[in-house]
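Hi,

Here is the structure I said I would pass on. Have a look at it first, and then read on for what turned up when I went through it.

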Amino acid sequence: MSSGWLWFALATTSTRQFTSTPLLKGSATTKPKNPVIKRQSGSFTSRFGDVYRIPFNIKFDEALETALKDFKNSLSPSDPLHEKWNSFHRRITQAARVKLIGLPQTANFGTLVNIRTQLFDGFRRAGSKGIIEELELVYKDLRDHELYGNPHAAEQQKATDFRYPAEWYPFARSRQRTIHLHVGPTNSGKTYRALKRLEQAKSGFYAGPLRLLAQEVYSRFNAEGIPCNLVTGDEVRTSDTPPRIISNTVEMVSIYKDYDVGVIDEIQMIADQDRGWAWTRAFLGSRAKELHVCGEERAVPLIKELATLMGDNLEIHQYQRLNPLRAETQSLNGDLRNLRKGDAIVTFSRINIHALKSAIEKSTGKRAAIVYGGLPAEIRTQQANLFNDPDNDYDYLVASDAIGMGLNLKCKRVIFQTLVKNVAGGLARISIPEIKQIGGRAGRYRAANETGKRGDNEEENVGLVTSLEDVDLPFIQKALEFNPPPLKAAGLIPTDAMFYRVASYFPRDVSLRFLINRVCSISKVHPLFFMCRARSQLEVASFLDRCDRMSIDDQIVFMASPMNDRDQALKACARGYVRCVANNSSGRLLDIQELNLEILEQPVSGRKEYLNELESLHKALILYLWLSYRMGGIFTDRTLASHVKEMVEERMMRALTEFSANAKLRKDASRRRQILLNKQGLDEEQLLANTQFSREADLSVDGEADSFGVPMEEDAAAPADGDEKTATAYI
């Protein structure tokens, strides 16, 4: 790639392919029994093209052409872009073709997807006008790079060197730690053993993947009389006596305090494309004399390599599952009346969760608890407790993949309603590790916050896994027998100091999105590590670039915040928070008009719209609390925000109960379920057609370079294993 305009080599994206391994690809060709699904195995159909892809892209393409003409007309006659307009126009239109043609889901799309995503976000926000705004940002980034990037490329690359991450933590390297690696399948007792060792420590910490699991460990230790604090991004709970244990979410682990024992759960997440950096930071930097890490067996080779790199001692403890796990030979054949007490049915959309809950209660006459990521952790815990209690009528659980990590449930059988879910790049079948992680919740002995010896007076049980429809069962059967390949690298993200150093080479009005892309595009990475996707950071950065201007310090704080770019109500509240920081004005809770506190005055209802508004308000309060721990001088109403958050959670719990008791709502949800199931059939057909059609896609133009000095052939290859290459950000 040319040394000029390196910022274009910013991003690659990777989403799971339709079947995640050759083994499952083979089973995908098995002729399904369900006649409704047979049509899904067909080739590219006119209905797929007419209904989904063509009208959708035609609208975007037409808006883009209009925006390009208007943008060109708005340029002054002396603007240098006129001389390079053909190349600029060609690159923009080529980026727009990425989704239309349909590239393989395993491909690294590179620069064009980054541009296309940016343009489409503008189109979704404000049509042609939004695209013009994004074109202006793209052009501004080009000029900033030309003026300030190229002359200082070597210095900036030196400031973003990722080749020696173990040396970022000198205090941890000054001692030789003993690492105990506990590996085994779900329900094998590995985390239980690590926590028993943590109980005996004079000081220690637990690091979990979700706030919910950290909360369960916090409750368990305090129930046993062991003083324990809870530290998450938006909440700190302290015990009345000096704590021996700190229960954290993994992002909040302190690397500045000495501990006797530390426990890091779900260590295989160190290779996660989005959050792997948090496990890497905790594993490399925690100052524990004795560090226990728990996870899947596929993490062993990578942990060995990292332990050698750090000079630590490593002991490996292997575990077998405490009870058998097997796939059933038959599905439920689509009949919810075949459910049994203790069943958990898994699906991947909030609408479908509520619809299934309604259909189950109508078909069986029993209650169903629900768990999904949009619910507050406290509500998820309450719903899980209702399901775990054998002495009530909550016989079933309807859940998202949130139960795969962070909830320990007493479910006898796990049933997949579908294996296809929406991801950032479209529809994808869930991976083998996800199937095994979720399915492994079947037949568990007890929840993490329960005490007592495991297995006492409990009869042996067998965990069962099946599907609602026949079409998914062969995939489940094969997945439970398949061992995923070992992990090869651990995730990293740029440090705040790297952003500060690179930002010093550019003008103060440079966009945050440009800085993120710049840092990620020039960084070099050690072969045992990789650069995590910057997708969520880029989404937040695009939002912040359109808000009131803040300092780079404040922007970096917001970039790490729990903000969802797809929740419009949350974005509105976040815009209010940004305004408070940018203007250095009062951040009192009642002064932020964007907060929909009026919803608390409405009567509790089981309507989906009411529950959605409560969820958005809850997320906004979580964000406020998160900011209050980092910008306490502005966001001063932490106590009031915590109280309002509790009020929202109480109303959400009542709303869920109202939904179960209201016959009309159940009937409406059942009708929505039928529409959703029909749409799922078309979505799977779209996914299959996209997989087949993608083989014909080819965006290469023989490496011809445009007048910006950027090769038109995509630099799509990710760094090969063992090679030290320039890292790329993932969006």
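Asn187 is buried, at 4% relative accessibility. This is a predicted model, by the way, so read everything below in that light. Asn187 sits in the loop between β3 and α8 (190-199), and its phi is positive, about 60 degrees, although the residue is not a glycine. Asn333 is another non-glycine with a positive phi, about 55 degrees in its case; you'll find Asn333 in the loop between β11 and β12 (343-346).

For the overall picture, the protein chain has 23 helices and 22 strands. Of its 731 residues, 55% are buried. If you take the contacts with a separation of 6 or more, 77% of them are between residues 24 or more positions apart.

Now the sheets. One is an open sheet of 8 strands with mixed pairing, in the order β6-β5-β7-β4-β8-β9-β3-β10. Its edges are β6 (236-237) and β10, and each has a single partner strand, so one side of each has no neighbour in the sheet. Going through some of the pairs:

- β5 (residues 228-231) and β7 (residues 245-249) run parallel, with 4 bridges between them; Cys228 has Ile245 in β7 as its bridge partner.
- β4 (residues 204-208) is parallel to β8 and joined to it by 4 bridges, with Gly204 opposite Val261 in β8.
- β8 and β9 (residues 287-295) are also paired in the parallel sense, over 6 bridges, and Ile264 is matched with Val293 in β9.

How much of β8 is covered? Most of the strand (residues 258-264): 5 of its 7 residues are buried. Helix α8 lies across β3, β4, β7, β8 and β9, and runs at about 160 degrees to β9.

There is also an open sheet of 6 strands, with parallel pairing, in the order β11-β18-β15-β12-β14-β13. Here β11 (325-327) and β13 (367-371) are the edge strands, each pairing on one side only. On average, neighbouring strands in this sheet are turned by 25 degrees against each other, ignoring direction. Inside it, β15 (residues 413-416) and β18 (residues 463-467) pair in the parallel sense over 4 bridges, and Phe416 has Ser467 in β18 as its bridge partner. Helix α15 (residues 473-481) packs on this sheet, where it touches β11, β15 and β18, and its direction makes about 145 degrees with that of β18.

Next, a helix worth opening up in your viewer: α11. Which of its residues are buried? Across residues 300-310 they are Val300, Leu302, Ile303, Leu306, Ala307 and Met310. Looking down the axis of α11, the buried residues fall within an arc of 160 degrees, so they line one face of the helix. That fits the general pattern: an α-helix has 3.6 residues a turn, so residues three or four places apart point the same way. What do the buried residues of α11 pack against? Their partners are α7 (170-173), β3 (178-183), α10 (276-285), β10 (313-318), β19 (490-492) and β21 (529-531), so you can see β3 and β10 of the 8-strand sheet in that list. Just after α11 comes Gly311, which has a positive phi, near 80 degrees.

Then there is a helix pair to look at. α17 (residues 512-522) and α19 (residues 552-559) pack at an angle of about 75 degrees, and their axes are 11 Å apart. The two helices are therefore roughly perpendicular to each other. At the contact, Leu512, Leu515 and Ile516 in α17 meet Ile552, Gln555 and Met559 in α19.

Last, the cysteines. How many disulfides does the structure hold? The count is 0. Take Cys520: the closest cysteine sulfur is that of Cys532, 9.8 Å away, which is too far for a bond, given that a disulfide needs the two sulfur atoms within 2.5 Å. Cys532 is likewise in no disulfide, with the sulfur of Cys520 as its nearest. Are these two buried or exposed? Cys520 counts as buried at 2% relative accessibility, and Cys532 is buried too, with a relative accessible area of 2%.

Cheers

Methods: Residues numbered from 1 in each chain as written. Predicted model: local features only at pLDDT ≥ 70, side-chain atom pairs only at ≥ 80, totals over all residues. Heavy atoms only, no water. Buried < 20%, exposed > 50% of the residue type's maximum accessible area, 1.4 Å probe, protein only. Arc of directions from axis to C-beta. Contact = heavy atoms within 4.5 Å. Pairing = 2+ DSSP bridges. Axes fitted to C-alpha atoms, helices over the stretch in contact; angles between N-to-C directions. Parallel < 35°, antiparallel > 145°, perpendicular 65-115°, else oblique.
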